[in-house]
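This report sets out the architecture, side-chain packing and local backbone features of one chain. The sequence and the structure are shown first.

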Amino acid sequence: MRKQLPLSALIKQHLKEHSSIYLFVFVLFLMGVIFGAIIVNSMNLSQKEDLYYYLNRFFGQVAEGNVASSTEMFQQSFFHNLKYLGLMWILGISIIGLPVILIMLFIKGMVVGFTVGFLVNQLSLKGFLLSFVTVMPQNVVLIPAFVIMSAVAISFSLKLIKQLFVKKGTNFETPFSFFTRYGMVFIFIGVLAVIASGFEAYISPYLMKSVVGIVSK
């Protein structure tokens, strides 16, 4: 019978065994961010003007306080993030969903890169300040959540493949054991999603309202 390691030792062992996967998914996310910023530079003037028009309208709504309540924003943000992360989790079980997990992570990075890139492209230093208070707070938590979920889902799929198709040896682990750990990871990711949604709903709007007055001048 295998001795149960403490949580800290399990985490350290997991990171050591799957460091290459974590590095790969982080680089993939970073490539998505860069690609998103490149898309901004490839847009023509008309497209940029249309987006900037809607952005200015949004600024006006924020300045006037005509935005959704914090509770509504929290619910929308949380369920959106949880569905996205939950799909990654399910795809990890499916095995064949590995490419989709990578695409989803890349798209997430692309959205972040496009948002920050567009604000900076249109508003220069003011755009950087705006992206700092609107994009950064929740993404400080969300980005690690997406990277961890992607890496764990990939490693789980690879482990499933090994368990299904490779001959069982002394290190064979029962399906219940690693399914349980996989489920615990999703609970942890869900907690991160709650924290990120809290930032987005209760902190970002306050910071945004303070900065919009500066940006609109």
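## Model and confidence

The structure described here is a predicted model. Mean pLDDT over the chain is 84, with 85% of the residues at 70 or more. Confidence varies among the helices: helix α2 (residues 19-42) has the highest mean, 93, while helix α3 (residues 45-64) has the lowest, 74.

## Overall architecture

The chain contains 7 helices and 0 strands, which gives the pattern α-α-α-α-α-α-α when read along the sequence. Of its 217 residues, 36% count as buried.

Contacts reach across the sequence to a marked degree in numerical terms: where the two residues are at least 6 apart in sequence, 81% of the contacts join residues at least 24 apart.

## Helices α2 and α5

The axes of α2 and α5 come within 6 Å, crossing at roughly 40°. Because an angle between 35 and 65 degrees falls outside the parallel and perpendicular classes, α2 is oblique to α5. The crossing of α2 past α5 is right-handed.

An aromatic pair also joins these two helices. The search of the whole structure finds 11 aromatic pairs, one of which is formed by Phe35 and Phe106. Their ring centres are 5.7 Å apart and the planes make an angle of 45°, a tilted arrangement. Phe35 belongs to helix α2 and Phe106 to helix α5 (residues 98-134), so that the pair links distant parts of the chain, 71 residues apart. Both rings belong to partly exposed residues: the relative accessibility of Phe35 is 38%, and the relative accessible area of Phe106 is 22%.

## Aromatic pairing between α6 and α7

Phe156 and Phe179 form an edge-to-face pair, with 5.2 Å from centre to centre and 75° between the planes. Since Phe156 lies in helix α6 and Phe179 in helix α7 (residues 175-215), the pair ties together parts that are 23 residues apart in sequence. The two partners fall into separate accessibility classes. Phe156 is buried, because its relative accessible area is 6%, under the 20% cut-off. Phe179, at 34% relative accessibility, counts as partly exposed.

Phe156 and Phe179 also take part in a cluster linked by ring pairs, together with Trp89, Tyr182 and Phe186.

## A buried serine in α6

Helix α6 (residues 136-165) also holds Ser150. Which accessibility class does Ser150 fall into? Ser150 counts as buried, because its relative accessibility is 0%.

Leaving aside residues up to four places away in sequence, Ser150 touches Val25, Met88, Ile101 and Leu105.

## Positive phi angles outside glycine

Two non-glycine residues with positive phi deserve a note. Ile95 has a phi near 70° and is located in the loop between α4 (70-94) and α5.

Ser124, also not a glycine, has a positive phi of about 55°. Ser124 is part of helix α5 rather than a loop. With a relative accessible area of 47%, Ser124 is partly exposed.

Technical notes
Residues are numbered from 1 along each chain as its sequence is written. This is a predicted model: local features need pLDDT of at least 70, side-chain atom pairs count only at pLDDT 80 or more; totals for chains, interfaces and linings use all residues. Side-chain values use heavy atoms; hydrogens and water are left out. Helices (H or I, at least four residues) and strands (E, at least two) are DSSP runs, numbered from the N terminus. Buried means under 20% relative accessible area, exposed over 50%, partly exposed in between (1.4 Å probe, protein chains only). Contact means heavy atoms within 4.5 Å. pLDDT is the predictor's confidence in each residue, from 0 to 100. Rings of Phe, Tyr and Trp (its six-membered ring) pair if their centres lie within 6.5 Å; planes under 30 degrees apart count as stacked, over 60 as edge-to-face and the rest as tilted. Axes are lines fitted to C-alpha atoms, for helices over the stretch in contact, and angles run from 0 to 180 degrees between N-to-C directions. Angles under 35 degrees count as roughly parallel, over 145 as roughly antiparallel, 65 to 115 as roughly perpendicular and the rest as oblique. A crossing is left-handed if the near helix is turned anticlockwise from the far one by less than a right angle, and right-handed if clockwise.
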